[in-house]
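Work through the exercises below with the sequence and the model side by side, and try each task before you read its solution.

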Amino acid sequence: MSWDRACCARRLGKRKVIAETGAGQHGFATATMAARFGFDCKIYMGAVDVARQRPNVFWMENLGAEVIAVQDGQKTLKDAINECMRDWVTNMEDTHYILGTACGPHPFPEMVSWFQSIIGLEAREQMLTQTGRLPDRVYACVGGGSNAMGIFQGFFDDDVELIGVEAGGLGVGTYMHGARLAYDDASVGVAQGYKTYFLQNDDGNMNETHSVAAGLDYIGINPIFSHLWEQGKVRFEAATDEEVKETLKLTMRTEGLIPALESTHAFVTALKEAPTMAKDEIILINQSGRGDKDIFTIADALDDAKWKSFVEGKSDQYRAERG
Ligand SMILES: Cc1ncc(COP(=O)(O)O)c(C=O)c1O
């Protein structure tokens with residue numbers, strides 16, 4: 001998607017690109033593209049996410065991007081988007097905003113969804129080649145909604161059940177989650193240039209959100225998804241932090257897969273529901289990213305003693321080198 005967005009920026013005659021990022025994946029992709037196309041690049045990222053997604057920050061900076069740690073609000077994705085929008089409206093003349101998810105003002109939700117549709121079209125083709133038929137259910141995690149919109153678009157016209165999995169965080173009733181539709185805690189509002197279901201209070205101020213996965217820790221959701229949910233075309237569920245950690249261990253040990261913490265949400269619900277399905281039914285799970293970026297969070301969650309001693313050793317080594 002970054003390559004397409006680079007072409008947009010070049011065609012618009014802009015030499016500077018800015019982007020927000022939560023988990024760092026979109027920032028990483030934008031920084032890679034900017035290096036290749038010779039654009040100045042600024043990435044806005046909440047300070048909390050800078051700390052928990054350090055591997056991606058390292059790569060972005062070494063690719064030549066300036067990573068700005070946003071200190072406002074909860075210091076996560078919502079705050080990074082706010083800051084990026086402030087930059088954009090001030091510097092629109094020479095700056096192109098590469099919004100990373102299918103949210104924000106028109107045409108971003110539609111444009112990002114369209115770029116991502118390649119995932120669904122390819123998945124549909126591969127499914128037909130490999131199994132001779134379409135899947136019965138497709139699962140994808142939902143932060144802003146870009147990877148889920150991407151894969152679901154391959155199956156909108158088919159008799160396939162589509163399930164979006166949001167961040168259940170600390171669980172239903174805690175208000176420390178990112179489940180806009182699954183927990184029914186959100187209401188319709190307008191923020192960040194678009195209308196959708198937001199996690200907000202009665203005065204329209206945004207609530208706190210929480211997820212172990214930086215990319216799902218967000219207040220709003222793609223407005224096209226809100227519409228599809230109201231029509232009953234996409235079902236929304238949520239996976240809690242605890243379920244995500246347990247499922248990640250399972251996918252590593254039994255499938256040899258290390259999905260990103262975001263993607264693991266989709267695995268939680270798929271694995272929970274699989275026993276209720278017939279043996280010959282087919283499930284498709286979208287693995288939106290790899291877990292490499294989450295090594296610090298995962299090692300902490302798994303209380304990995306060897307990793308801790310490695311990090312402590314490194315830190316002692318740096319201290320000794322600095323005297
Ligand atoms: C690996 C991964 N999956 C999913 C997401 C969630 O975003 P979206 O819902 O737009 O796909 C992110 C966001 O940073 C991510 O890094």
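**Exercise 1: a residue with an unusual phi**

K75 counts as partly exposed because 18 C-beta neighbours lie inside 10 Å; the scale calls a residue buried if 20 or more other C-beta atoms lie within 10 Å of its own, exposed if 12 or fewer, and partly exposed in between, with C-beta atoms placed from the backbone. Residues are numbered from 1 along each chain as its sequence is written. The model is predicted, so local features need pLDDT of at least 70 and side-chain atom pairs count only at pLDDT 80 or more, while totals for chains, interfaces and linings use all residues.

Task: Where does K75 lie, and what is its phi?

Solution: Begin with the position, which is the loop between β3 and α5; helices (H or I, at least four residues) and strands (E, at least two) are DSSP runs, numbered from the N terminus. Next, read the backbone angle: K75 has a positive phi of about 60°, although it is not a glycine. For background, most residues other than glycine have a negative phi.

**Exercise 2: a second case**

Task: In which loop does Y175 lie, and is Y175 buried or partly exposed?

Solution: First find the loop between β6 (161–169) and β7, where Y175 lies. Then count the neighbours: Y175 is partly exposed because 16 other C-beta atoms lie within 10 Å. Finally, Y175 has a positive phi of about 60° and is not a glycine.

**Exercise 3: a glycine in a loop**

Task: Is G100 buried or exposed, and which residues does G100 touch?

Solution: Start in the loop between β4 and α6 (108–131), where G100 is found. G100 is buried, because 31 other C-beta atoms lie within 10 Å. Leaving out residues up to four places away in sequence, G100 touches A19, E20, T21 and H26, where contact requires C-beta atoms, placed from the backbone, to lie within 7 Å. To finish, compare sequence with space: G100 and G143 are 43 residues apart in sequence and 11 Å apart in space, C-alpha to C-alpha.

**Exercise 4: a peptide bond**

Task: Which form does the peptide bond from H106 to P107 take, cis or trans?

Solution: Locate P107 in the loop between β4 and α6, and then read omega, which is near 15° for the bond from H106 to P107, so that this bond is cis. In general, most peptide bonds are trans.

Note on methods: Contact = placed C-beta atoms within 7 Å.
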